Amino acid sequence: MGIPLGYPMLLKHRTLFNVSKMTIANTQFDMKPNNITKKDSYPLPHMGETINRLGGHLFFTKLGPKSGCFQIPIQEDDKEKTAFILQGGHWEFNVLPQGLKNTPPTFQRTINELLVDYYME
């Protein structure tokens, strides 16, 4: 087995909207995973078309990528590509993390596949 992939990271304390949380900060800016990732060009929905589809309906819900991304598992072969290194060791994501270049199109593709019967009406 070769040298595992990984990017040195730092845990960083961040407060946003009075919510305090720990985030991961990349320390090697020239080797970010987004710089070597092939872009997924899956189209995001057209906002005007989406708003027109809402007309005449009484009930609405939302599906957002804030926590929805964390419901999408990463294929076993691709987990090493999300690896990062902290003081405590070498880590890999098991679910789709936020902040990657292809997170929005992957999330949109998943939603479209799940809701195809309702979305195409």
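This passage describes the fold, the buried core, the charged pairs and the surface of one protein chain, as seen in a predicted model.

The chain contains 4 helices and 4 strands, and, read from the N terminus, these elements follow one another in the order β-β-α-α-β-β-α-α. Of the 121 residues, 20% count as buried. The chain exposes an area of about 10,000 Å², of which carbon and sulfur atoms supply 60%. When contacts between residues at least 6 apart in sequence are considered, 56% of them join residues that are at least 24 apart.

The interior is considered next. In soluble globular proteins, nonpolar side chains tend to be buried together. In this model the largest nonpolar core is made of 5 residues, namely Cys 69, Ile 72, Leu 96, Phe 107 and Ile 111. Within this group, Ile 72 touches two other core members, Leu 96 and Phe 107, and it also touches Val 95, Thr 106 and Thr 110, when residues up to four places away in sequence are not counted. Cys 69, another member of the core, has its C-alpha atom 6.9 Å from that of Gln 98, although the two residues are 29 places apart along the chain. Gln 98 itself lies in the loop between β4, which covers residues 89-91, and helix α3, and it counts as partly exposed because its relative accessible area is 44%.

Helix α3 spans residues 103-114, and its 12 residues reach 17 Å from the first C-alpha to the last, which is close to the 16 Å expected at 1.5 Å a residue. The buried residues of α3 are Thr 103, Pro 105, Phe 107, Gln 108, Ile 111 and Asn 112. An α-helix has 3.6 residues a turn, so residues three or four places apart point the same way. Among the buried residues of α3, Phe 107 and Ile 111 also belong to the nonpolar core. Gln 108, also found in helix α3, counts as buried because its relative accessibility is 13%. Leaving aside its neighbours within four places in sequence, Gln 108 is in contact with Tyr 42, Pro 43, Leu 44 and Pro 45.

The count of salt bridges in the model comes to 3. One of them is formed by Asp 40 and Arg 109, whose closest N and O atoms are 2.9 Å apart. This pair links distant parts of the chain, since Asp 40 lies in the loop between β2 (19-26) and α1 whereas Arg 109 belongs to helix α3, with their positions 69 residues apart in sequence. Arg 109 counts as partly exposed because its relative accessibility is 26%. A further salt bridge joins Lys 79 to Glu 76, with the closest N and O atoms 3.2 Å apart. The two partners of this bridge differ in their cover: Lys 79 is buried because its relative accessible area is 12%, whereas Glu 76 is exposed because its value is 60%. The remaining salt bridge is that of Asp 78 with Lys 81, where the closest N and O atoms are separated by 2.9 Å. Here Asp 78 is partly exposed, with a relative accessible area of 27%, and Lys 81 also counts as partly exposed, at 48%.

The loop between β2 and α1 also holds Asn 35, which counts as exposed because its relative accessibility is 53%. Asn 35 and Leu 100 are 65 residues apart in sequence, while their C-alpha atoms are 9.9 Å apart in space.

At the surface, Met 47, Ile 51, Leu 54 and Phe 60 together make a nonpolar patch of about 440 Å². Leu 54, one of these residues, is found in helix α1, which covers residues 47-54. Leu 54 counts as partly exposed because its relative accessibility is 41%, a value that lies between the limits of 20% for buried and 50% for exposed residues.

Definitions and conventions
Residues numbered from 1 in each chain as written. Predicted model: local features only at pLDDT ≥ 70, side-chain atom pairs only at ≥ 80, totals over all residues. Heavy atoms only, no water. Patch = residues over 30% accessible without salt bridge, like charges linked within 9 Å, V, L, I, M, F, W, Y side chains within 5 Å. Areas by Shrake-Rupley, 256 points an atom, 1.4 Å probe, with all protein chains shown as cover. Salt bridge = Lys/Arg side-chain N within 4 Å of Asp/Glu carboxyl O. Helix = DSSP H or I, 4+ residues; strand = E, 2+ residues; numbered from the N terminus. Buried < 20%, exposed > 50% of the residue type's maximum accessible area, 1.4 Å probe, protein only. Contact = heavy atoms within 4.5 Å. Core = buried A, V, L, I, M, F, W, Y, C linked by side-chain atoms within 4.5 Å. Expected span 1.5 Å × (residues − 1).
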